[in-house]
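This report covers the ligand surroundings, salt bridges and backbone geometry of the entry shown below.

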Amino acid sequence: MNHAMKRIGKKGEDKWEIISYEQALDEIAEKLQKLKDEYGPETLVSAEGTYRSDHLWARSRFSNLFGNPSNILDPGTICWCWTYTVNMSMVGWPIESTAPPCAPDASTAVIWGKRPDECYGIAAPLWRSITASLEREDPAKLITVDPVCTETARLSDVWLQVYPGTDLIVMLAWLNYIIGNELYQKDFVKDWSNGVFLIRKSDNQMLRASDVVKDGKREDFVAWNDKTGKIVLWNSDEGRYFEQDVDTPISGDFNVTLTDGSTVACRTAWDAVCERISEYTVERASKVSGVPEAQIIQAAYTYATNGPAYICWGLGGGDQHGINASSSAIAKTLLRCICGHVDVFGGEYIGEPGPVGQGMEFVVRDAEFELSERVLPETRTKMLGYDINKVMSWQGFEPIDAAYRKMFNIPRPMLHQMLTTPTLVYDAILEGKPYPVKAMIAWSSNPMAWAPNTKRCKEALEALELLVVLEYWKTPTALLADYILPAADSLERPMATAFEDSMDFFSFGDRGSEPLFDRRMDYDFFRALGMRLGQENDWPWETYEQVLEHRIHRVPELNYQKAVEDGVYMPYPLHFEKYKEILPNGQTRGFATTSRKAEIFLTLYQELGYDPMPFYRELETPLGNPEMAKEYPLRCTVSGRITPMYHSEQRVPGYGNRSQFPWPITRMHMYDAKKLGIRSGEWIWIESARGRIKQKVQLGYDVPVGVVQVAPSWYYPELPTEAPWSMGEMVSAGNVLIDDSIETCDAATGVWNCRSLLVKCYPCIDPADRADTEISLDAFMKGDTYWHRQFGNLHHLNETYPDKPLV
Ligand SMILES: Nc1nc2c(c(=O)[nH]1)N[C@H]1C(S)=C(S)[C@@H](COP(=O)(O)OP(=O)(O)OC[C@H]3O[C@@H](n4cnc5c(=O)[nH]c(N)nc54)[C@H](O)[C@@H]3O)O[C@H]1N2
Ligand SMILES: Nc1nc2c(c(=O)[nH]1)N[C@H]1C(S)=C(S)[C@@H](COP(=O)(O)OP(=O)(O)OC[C@H]3O[C@@H](n4cnc5c(=O)[nH]c(N)nc54)[C@H](O)[C@@H]3O)O[C@H]1N2
Ligand SMILES: [Mo]
């Protein structure tokens, strides 16, 4: 896409008029204003993709100033942004990093549902860190958890070949083994976690200081002090107990008198966690996950005892596990905390925007640009999903933001906490529930390829009154647009990023060239639109170079040239155990959470009405859905990154990438294929209760029997754009198979399930029609073969050509 285009035909008909970018902006602004006047600013949804640029804050800024409650349709709901959020509430930092800074120095690397060599490629920091750790004199132990035999699985000391979607029960079994065998760090639990706080035995409610003393605060907590044989109160604001001489047990039953004089039976939060975990024995996990008990034990033992370890962030490790998602993120960080791997050299690094409590001489963070504080309380409650997936709405954001501001003096980034699960966006567009959504700006996003239930996604996109798409290519999503605007690419723009405020270092870069043709940066689009919609005072930076200058203005040692030439700005070396630091104000730093402790018992979840401890449920599996499994017997995971494909990108023929991966590939075990009459390399149908698609099958022994792995994100740019071809948008798209019903999404976060579905598979060509079907001698002699029958079928030709009988 090199020019702005306006639709002149019917939606999807692919008829356009080329107009100037300015005209497009004028018209879009006018239409948006009209829709805003009629339906309110909440009628707009922004659809975005995974990290394509550092311009996400500009979308937040535009949307906040527009008066939108943050209606964002974003794959971050199943990709990192939600674990970012869960981890913020547990340890005050998105500890599950895309590239763990300590990976080269780790003693144990856990690659949980991640394909690091394919995702980002072998030249990228993550893969290099892993290989560096394996090539040390004291090589790291490598643990891989993946249903597929990946490259890391092959290199691993232990490979847990789980059934897709059963990871959580394995995590819980690790915890069970580690706690049961006392392999955890008691000191950390006692001194740095909220495990010592008291909860009511009857309903697990965390006791608050306001429950036990008259002028006690709700934000403060209650522990038992063995030194006095009485309760002691925890001052969350200052990160200390209100008394000096304190020794808090991590375990025990206590009777506590409340302000109303009644007595309540209590226990420590840690005891409740241990009780919960005791349900998940290694034996139980082994049966559910298909992983031998000995392997689960070996992995858990190694993780807990072999020194500093990290668990790599990966989509198979819970990100796309529907109702088990929250619990998976919680279980992983519980493991990190109790095994003492948090913020230690070689373990899980906790970053910071800049030195805490020592002024603001750090690079301006994304969150400072977003203006989240400008969104009014009455606007916030209108967010789609506000009361449904509360952790990913303002309800989860506000307490995390408060704790973050307190520690770091700046807001917590709202890109990407405030996201709406697609189902709720479809509902709003198609059913007007809870209010009509009429407009969407899709930038760096092809929801027709990424969002669940592709058919419903299409219905929703078609029903919009205004769809604006900012793109490089004419995608299936762009085909449904009213306006397509050409986007400038990464070489045509400068950049400054700490990866959505998740790192403490910054990456900078200059542009390689000015944008060609009429292409503009996404930032330019949001700014220009904002300028037309009454936001003139809030976009002072005309160019992105000026944005970058502003980013670095607080750091004396940086200027534009230096920043872009150095490429990386690391204010100081990695440093560890920061939670133990004494701050300039004399307080112990702790964690940037509401209690300043590591929240292994999630008070945020409890406050919002969710379970504060992890628990396992079956996803769509033969065990969970035995009836469905009769019709759809195979387990399916729609997953697996491959280089050089990037989501739905790199499929346009003629650039050298498509030739490497011409077709979407489904992996299947030999044994299943033999039973099903499926042969390697042929097209097969993959059908779920939602619909069916076709892909080419690759047979082998690298997936377990009974499991198929289907490739996501496929469409065919080479097919005609007009209906009914529509670039083959539904032919092989993995997400046609996916269930988007809200009950199958994680209640707290809206995460949907792409990794454990029930499907059936069958060849696209009826085996009877195969030209090379095997013929037995016996059948041949009897004249009972495919060939004989086909021959018989030719008799009608005799009638067609009576003069020349053929048969
Ligand atoms: N080349 C390339 N690189 C990319 C991308 C791309 O599209 N192409 N996308 C980028 C983005 S946005 C992301 S989020 C990352 C994602 O990168 P990854 O997290 O590596 O994503 P996947 O390869 O989809 O899944 C990882 C692994 O999970 C396994 N798996 C599938 N189901 C399960 C399960 O239920 N349990 C377990 N334990 N494992 C399972 C798969 O076999 C696969 O090996 O990659 C980024 N990098
Ligand atoms: N079943 C299943 N579904 C999945 C996944 C899975 O593993 N399984 N993975 C999920 C994950 S983790 C993710 S992140 C999503 C991926 O979802 P997305 O990141 O939205 O990926 P695409 O669908 O390829 O759409 C991205 C579009 O952005 C365009 N683009 C690239 N760079 C820019 C830019 O700088 N500006 C603009 N304006 N446009 C740009 C590209 O041309 C492309 O068409 O898919 C999710 N969906
Ligand atoms: Mo992603």
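## Salt bridges

Across the whole structure, a search finds 56 salt bridges, a salt bridge being a side-chain nitrogen of Lys or Arg within 4 Å of a carboxyl oxygen of Asp or Glu. This is a predicted model, in which local features need pLDDT of at least 70 and side-chain atom pairs count only at pLDDT 80 or more, while totals for chains, interfaces and linings use all residues. Residues are numbered from 1 along each chain as its sequence is written, chains are lettered from A and ligands numbered from 1 in the order in which they are written, and side-chain values use heavy atoms, with hydrogens and water left out.

Side chains of opposite charge can pair when their charged atoms come close. The table lists individual pairs.

| Pair | Closest N to O distance |
|---|---|
| Asp245 and Lys227 | 3.3 Å |
| Arg267 and Glu275 | 3.2 Å |
| Lys438 and Glu465 | 3.8 Å |

In the pair formed by Asp245 and Lys227, Asp245 sits in the loop between strand S11 (240-241) and strand S12 (253-257) and Lys227 in the loop between strand S9 (221-225) and strand S10 (230-235), so the salt bridge ties together parts that are 18 residues apart in sequence. Helices (H or I, at least four residues) and strands (E, at least two) are DSSP runs, numbered from the N terminus. Asp245 is partly exposed, at 47% relative accessible area. Here buried means under 20% relative accessible area, exposed over 50%, and partly exposed in between (1.4 Å probe, protein chains only).

Arg267 and Glu275 differ in exposure class: Arg267 is buried, with a relative accessible area of 10%, and Glu275 is partly exposed at 48%. For the salt bridge between Lys438 and Glu465, Lys438 belongs to the loop between helix H16 (422-431) and S15, and Glu465 to the loop between helix H18 (454-463) and S16, so this pair ties together parts that are 27 residues apart in sequence. Glu465 is partly exposed, with a relative accessible area of 45%. A network of salt bridges links Asp427, Glu431, Lys433, Arg456 and Asp740.

## Ligand surroundings

Ligand 1 is surrounded by 34 residues, the closest being Asp146, Asp167, Arg641, Met645 and His647; a residue is near a molecule if one of its heavy atoms lies within 4 Å of it. This shell divides into 14 nonpolar, 13 polar and 7 charged residues. In this scheme Ala, Val, Leu, Ile, Met, Phe, Trp, Tyr, Cys and Pro count as nonpolar, Asp, Glu, Lys and Arg as charged, and the others, Gly among them, as polar.

Backbone N or O atoms of Arg641 and of His647 each lie 2.6 Å from an oxygen atom of ligand 1. A backbone N or O atom of Gly316 is 3.1 Å from a nitrogen atom of ligand 1. The protein covers 98% of the 910 Å² of accessible area that ligand 1 has on its own, with areas from the Shrake-Rupley method and a 1.4 Å probe.

Around ligand 2 there are 30 residues, with Thr50, Arg52, Glu471, Ser648 and Asn735 the closest. The shell holds 13 nonpolar, 10 polar and 7 charged residues, and H17 and strand S16 (466-471) each supply at least two of its residues. A nitrogen atom of ligand 2 is 2.8 Å from an N or O atom in the side chain of Asp522, and a nitrogen atom of ligand 2 lies 2.8 Å from a polar backbone atom of Val638. For ligand 2, the protein covers 99% of the 910 Å² of accessible area that the ligand has on its own.

## Backbone geometry

Most residues other than glycine have a negative phi, and most peptide bonds are trans. The peptide bond from Thr643 to Pro644 is cis, with omega near 10°, and Pro644 is in the loop between strand S21 (634-638) and strand S22 (665-669). Another cis peptide bond joins Ala723 and Pro724, with omega about 5°; Pro724 lies in the loop between strand S25 (707-710) and strand S26 (757-763).

Asp501 has a positive phi, near 60°, and is placed in the loop between strand S18 (495-497) and strand S19 (506-509). Asp501 is buried, at 0% relative accessibility. Phi of Asp14 is also positive, near 65°.

Note on methods
Polar contact = N/O pair within 3.5 Å; in protein donor to acceptor, adjacent residues only side chain to side chain.
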